[in-house]
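Visitor: I am new to this structure. Please show it to me, and let me ask how each label is earned.

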Amino acid sequence: MNTHERQGWSRIEMAQKVAQDLPDGSYVNLGIGIPELVADHVPEGIEIIYHTENGLLGMGPVPEPGQENIELINAGKKYVTAIPGASYFHHADSFTMIRGGHLDISVLGALQISKEGDLANWSTGKPGAIPAVGGAMDLVAGVKNVWVITDHVTKDGQFKLVDECSFPLTGKGVVDTVYTNLAIIDVTENGLQVRELAPGITFAYLQEKTEPKLIQ
Amino acid sequence: MINKLVGSDKEAISDIFDGATVMIGGFGEAGSPIELIHRLIDLGSKDLTVVSNNTGSGNVGIAALIANRQVKKMICSFPRSTNSVVFPELYRNGEIELELVPQGTLAERIRAGGAGIPAFFTPSSVNTPLADGKETREFNGQTYVMEYGIHADFSLVKCQTADRYGNLTYNKTARNFSPIMCTAATTTIVQAKQIVEPGEIDPEVVVTPGIFVNRVVQIVKPEHESILVANQDRYPR
């Protein structure tokens with residue numbers, strides 16, 4: 001496979017797919033990376049409140065150039081804005097929202113997802129790597145729905161949807177849905193259930209790129 | 001008369017002793033009390049255990065404190081970030097200890113430490129390497145891991161507005177860990193941009209009640225870590 005040729009949905013289309021599935025009125029935490037794109041694609045008329053775990057509910061878009069405030073940032077330490085009706089709070093309150101099950105949806109990136117919904121997204125466990133976890137373990141432990149948005153395979157073509165994660169876990173049995181460039185896949189009691197295939201992607205091709213057996 | 005205002009940042013931190021546990025507020029540079037940290041570098045206290053979400057950037061602030069070999073151990077959730085070079089190098093060389101804690105667990109351990117709660121059970125990190133060797137227990141069919149509260153000798157935080165009682169308000173996402181750190185130290189030391197008379201902060205909007213604060217020093221124009229890093233500034237200069 002030519003790994004430079006992108007198949008299926010683009011990253012923006014993946015973000016659009018997630019955005020279209022957010023129920024009106026949801027409280028949502030978007031992780032760093034592709035998940036951040038989701039906010040730009042929420043359909044007109046749908047109101048979503050974004051939480052950023054460093055202490056802001058009601059996060060708005062990136063500020064206009066020159067309007068950045070060093071003390072108004074998101075969890076990725078990027079400059080953001082606050083919408084009218086936003087609130088600031090300290091970290092214990094922020095993680096009360098997360099761990100206490102008050103947030104509806106957490107959208108995260110992934111290194112690996114297992115057939116049982118185990119997630120590995122914080123460390124490759126390589127010697128010499130500096131381990132850093134942030135809020136990922138709290139998000140997957142506490143938020144009602146955990147959605148993963150990720151390329152279907154790694155840059156060098158390795159499986160990301162695997163029978164068992166080889167990287168250290170972020171949480172066990174925590175993922176509800178996986179949005180990749182090839183498909184949308186729900187984690188069910190029976191296994192990985194394909195909900196939607198990207199244009200031009202066959203089920204057989206998807207299965208080839210996925211280690212666990214998929215349900216059509 | 002109660003007056004927690006002190007004359008200088010140097011005086012405010014002058015009793016931080018070797019081997020102390022020091023909580024430092026901030027998430028990245030937002031809320032990082034950079035002047036207090038730089039005075040701690042001037043003071044030179046060694047073998048510190050530092051509790052802070054990150055390990056700083058460039059060669060200023062927390063990163064400079066680490067580079068000055070004053071920190072024996074970091075307790076944090078995210079010890080690397082853009083422009084973070086000092087900690088990774090020392091860690092790879094085995095010259096600094098790291099206790100990696102999920103961010104919400106770190107917050108709750110600080111909150112518990114301030115609230116007189118020695119330990120608690122959390123679902124975060126169950127079935128991951130960060131729960132290895134820790135006590136677990138089932139409640140309602142779910143597994144939880146026991147985590148200990150953290151209490152420090154000193155907390156260093158930055159706020160927006162303070163009065164002589166130590167009542168504090170913060171600015172935007174610079175609040176982050178500071179209110180809970182104020183509760184969890186024997187001595188809480190605050191740098192405030194603005195000092196007002198008691199009563200000028202509406203009691204309804206006080207974020208940290210003065211009882212949690214021991215010393216306040218006014219720093220009218222705090223330096224900005226990102227600007228110092230962009231200018232390749234170092235501390236000590």
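Guide: Start with α2(B), in a model that is predicted. Its buried residues are I34(B), E35(B), L36(B), I37(B), H38(B), R39(B) and L40(B).

Visitor: What makes α2(B) count as largely enclosed?

Guide: A residue is buried if 20 or more other C-beta atoms lie within 10 Å of its own. In α2(B), residues 34–43, 7 of the 10 residues are buried, so the helix is largely enclosed by the rest of the structure.

Visitor: Which elements do those buried residues pack against?

Guide: They pack against α1 (9–12), β1, α3 (61–67), β8 (152–162), β10 (185–195) and α7 (225–230), which belong to chain B. After α2(B) comes G44(B), with a positive phi near 85°.

Visitor: Let us turn to chain A. Why is A39(A) called buried?

Guide: The cut-off is 20 or more other C-beta atoms within 10 Å. A39(A) has 20, so A39(A) is buried. A39(A) sits in the loop between β1 (27–30) and β2 (49–52) of chain A. Leaving out residues up to four places away in sequence, A39(A) touches L30(A) and Y50(A).

Visitor: And why is H41(A) called partly exposed?

Guide: Exposed needs 12 or fewer such atoms, and buried needs 20 or more. H41(A) has 16 other C-beta atoms within 10 Å, so H41(A) is partly exposed. H41(A) also lies in the loop between β1 and β2 of chain A. With residues up to four places away in sequence set aside, H41(A) touches A15(A), Q16(A) and A19(A).

Visitor: How far is H41(A) from I185(A)?

Guide: Their C-alpha atoms are separated by 20 Å, and the two are 144 residues apart along the chain.

Visitor: Now the two chains together. How many residues of chain B are in contact with chain A?

Guide: In chain B, 39 residues are in contact with 33 residues of chain A. Elements giving two or more residues to that side of chain B are α4 (86–92), α5 (103–115) and α6 (178–183). The largest share, 6 residues, comes from α5(B). By class, this side of chain B has 16 nonpolar, 16 polar and 7 charged residues.

Visitor: Why are α2(A) and α5(B) called oblique?

Guide: Helix α2 (residues 91–99) of chain A packs with α5(B) at an angle of about 125°. Roughly perpendicular covers 65 to 115 degrees, and roughly antiparallel starts over 145. The angle fits neither range, so α2(A) and α5(B) are oblique to each other. Their axes are 9 Å apart, and the crossing is left-handed.

Visitor: Which residues meet there?

Guide: From α2(A) come H91(A), A92(A), F95(A), I98(A) and R99(A). From α5(B) come G104(B), A107(B), E108(B) and R111(B). These residues divide into 4 nonpolar, 2 polar and 3 charged.

Visitor: How do you know that α5(B) is mostly covered?

Guide: Count its buried residues: 12 of its 13. Among them are Q103(B), L106(B), I110(B) and G114(B). What covers the buried residues includes α2 and α3 (136–142) of chain A. From chain B, the cover includes β1 (21–24), β5 (119–122), β7 (142–148) and α6.

Visitor: What span is expected for α5(B), and what does it reach?

Guide: At 1.5 Å a residue, 18 Å is expected. From first C-alpha to last, α5(B) reaches 18 Å, close to that value. Just after α5(B), G116(B) takes a positive phi of about 75°.

Conventions: Residues numbered from 1 in each chain as written. Chains lettered and ligands numbered in written order. Predicted model: local features only at pLDDT ≥ 70, side-chain atom pairs only at ≥ 80, totals over all residues. Contact = placed C-beta atoms within 7 Å. Helix = DSSP H or I, 4+ residues; strand = E, 2+ residues; numbered from the N terminus. Nonpolar A, V, L, I, M, F, W, Y, C, P; charged D, E, K, R; others polar. Axes fitted to C-alpha atoms, helices over the stretch in contact; angles between N-to-C directions. Parallel < 35°, antiparallel > 145°, perpendicular 65-115°, else oblique. Left-handed = near helix turned anticlockwise from the far one by under 90°. Expected span 1.5 Å × (residues − 1).
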